[in-house]
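Visitor: Could you pick one part of this model and take a close look at it with me? I would like to see how it fits into everything around it.

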Amino acid sequence: ADIVHDHSLAGPLSAAARAVPTLVTCHGEIEGELGEYYRVLGPAVSMVAISEAQRRLAPDLNWAGVVHNAVETASFPFREHKEDWVLWLGRLNANKGAHIAIDVAREVGRRIVLAGKLTEPAEHDYFEREIKPRLGPDAEYVGQADAARKRELLAAARCLLFPILWEEPFGMVMIESMACGTPVVALNRGAVPEVVADGVTGFVREGIEELPEAVEAADGLDPHACRAHVAGNFDVEVMTAGYERIYRQVIATPGEPAGGTRDLALPVT
């Protein structure tokens, strides 16, 4: 092999023992224990961030570059004419802002459909505390959507509400929505401004109080522009080209000799 591209958690521990370089994509939260783990690995691995926002949270890591996540655009159904309701889709975690989405939709008199993962104890606690009391004729939870159901919902919705309350490293649901021609109304956190073209494929707002107006304006955006944005920036071919560029870059950069030079023992706390 010329290079090992590792997407696992434990796999990078073997990087220092091989002659060829190891590239690691960080798919999750970079702060906390995971960030410290990659710091201990040091130059034994080259890191790829899935957004500039993610890389900024840990600028001291051995980053080789940024490659945005991608979808196969053609696998998502395009729909130009939308129905008159809004969608929230994701894990039922407080940081994903489902409760905010309900409140925003209700403020402008729009029905909202919520679909998302509800399996972990913390998710059930959040659902019982914040979501269930808000449900009603204008706010419906339809369960966890599989691949087909997700596409149906994304294609039909007036817009996707994405009021996240944390530094989301990417947000796949945003590009999935835009691939269907459905704009995204989101808070300016994490990778959102890298993914959504404000005023073209959705609206990126600083505060929750700005979201209702954005929801009302969403039907003025061009569904074709949403689809084209994903095809041009977040399609699988774009991601592949980005990784191939970084592969060549890392291979061409001399690294540590086989066996490494660092003590990779994690500190005991």
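Guide: Let's begin with a rule: two strands count as paired if DSSP finds at least two bridges between them. Please keep in mind that this is a predicted model. The part I would pick is strand 5, which covers residues 85-91. Its partner strand 6 (111-117) runs beside it in the parallel sense, and the two are joined over 7 bridges. You can find the register from two positions: Arg-91 faces Lys-117 of strand 6, and Leu-87 stands opposite Val-113 in strand 6. As background, strands of a sheet pair through backbone hydrogen bonds, either parallel or antiparallel. Strand 5 has 7 residues, and since 5 of them are buried, the strand is largely enclosed by the rest of the structure.

Now step back to the sheet. Strand 5 belongs to an open sheet of 6 strands with parallel pairing, in the order 7-6-5-8-9-10. At its edges are strand 7 and strand 10 (202-205), each pairing on one side only. From one strand to the next, the twist averages 20°. Helix 3 packs on this sheet and touches strand 5, strand 6, strand 7 and strand 8, with its direction at about 170° to that of strand 6.

Helix 3 deserves a moment too. It spans residues 98-107, and because 7 of its 10 residues are buried, it is largely enclosed by the rest of the structure. Those buried residues are Ala-98, His-99, Ile-100, Ala-101, Ile-102, Val-104 and Ala-105. Their cover includes strand 5 and strand 6 along with helix 4 (121-131), strand 7 (139-141), strand 8 and helix 8 (211-217). After helix 3 comes Gly-109, with a positive phi near 70°.

Strand 5 also leads us into the nonpolar interior. The largest nonpolar core has 35 residues, and those touching the most other members are Leu-87, Phe-162, Ile-175, Val-184 and Val-195. Several elements supply at least two residues each, among them strand 5, strand 6, helix 5 (147-156), strand 8 (159-162), helix 6 (172-179) and helix 9 (223-233). The greatest contribution, 5 residues, is made by helix 6. Another core lies apart from this one; it has 26 residues, including Val-86, Ile-112, Leu-114 and Phe-203. Back in the largest core, Phe-162 has contacts beyond its neighbours within four places in sequence, including Val-173, Met-174, Val-184, Val-185, Leu-187 and Val-192.

Since helix 6 gives the most to the core, it is worth following to its neighbour. Helix 6 and helix 9 pack with their axes 7 Å apart and at an angle of about 125°, and are therefore oblique to each other. Helix 6 brings Ile-175, Met-178 and Ala-179 to the contact, while helix 9 brings Cys-226, Arg-227, His-229 and Val-230. By type, the residues of this contact are 5 nonpolar, 1 polar and 1 charged.

For comparison, have a look at the other sheet. It is an open sheet of 4 strands, ordered 1-2-3-4, with parallel pairing. Strand 1 (4-6) and strand 4 (63-66) are at its edges with a single partner strand each, so one side of each has no neighbour in the sheet. The twist here averages 25° from one strand to the next. Inside, strand 2 (residues 22-25) pairs with strand 3 (residues 46-49) in the parallel sense over 3 bridges, and Leu-23 has Ser-46 of strand 3 as its bridge partner. Helix 10 (residues 236-252) packs on this sheet, touching strand 1, strand 2, strand 3 and strand 4, and its direction makes about 160° with that of strand 4.

Let's finish on strand 4, where Val-66 has its place. Its relative accessible area is 17%, and because buried means under 20%, Val-66 counts as buried. Leaving aside neighbours within four places in sequence, Val-66 is in contact with residues including Val-48, Ala-49, Ile-50, Arg-245 and Ile-246. Arg-248 is 182 residues away from Val-66 along the chain, yet their C-alpha atoms are separated by 14 Å.

Note on methods:
Residues are numbered from 1 along each chain as its sequence is written. This is a predicted model: local features need pLDDT of at least 70, side-chain atom pairs count only at pLDDT 80 or more; totals for chains, interfaces and linings use all residues. Side-chain values use heavy atoms; hydrogens and water are left out. A nonpolar core is a set of buried Ala, Val, Leu, Ile, Met, Phe, Trp, Tyr and Cys residues joined through side-chain atoms within 4.5 Å. Buried means under 20% relative accessible area, exposed over 50%, partly exposed in between (1.4 Å probe, protein chains only). Contact means heavy atoms within 4.5 Å. Axes are lines fitted to C-alpha atoms, for helices over the stretch in contact, and angles run from 0 to 180 degrees between N-to-C directions. Angles under 35 degrees count as roughly parallel, over 145 as roughly antiparallel, 65 to 115 as roughly perpendicular and the rest as oblique. Ala, Val, Leu, Ile, Met, Phe, Trp, Tyr, Cys and Pro count as nonpolar, Asp, Glu, Lys and Arg as charged, and the others, Gly among them, as polar.
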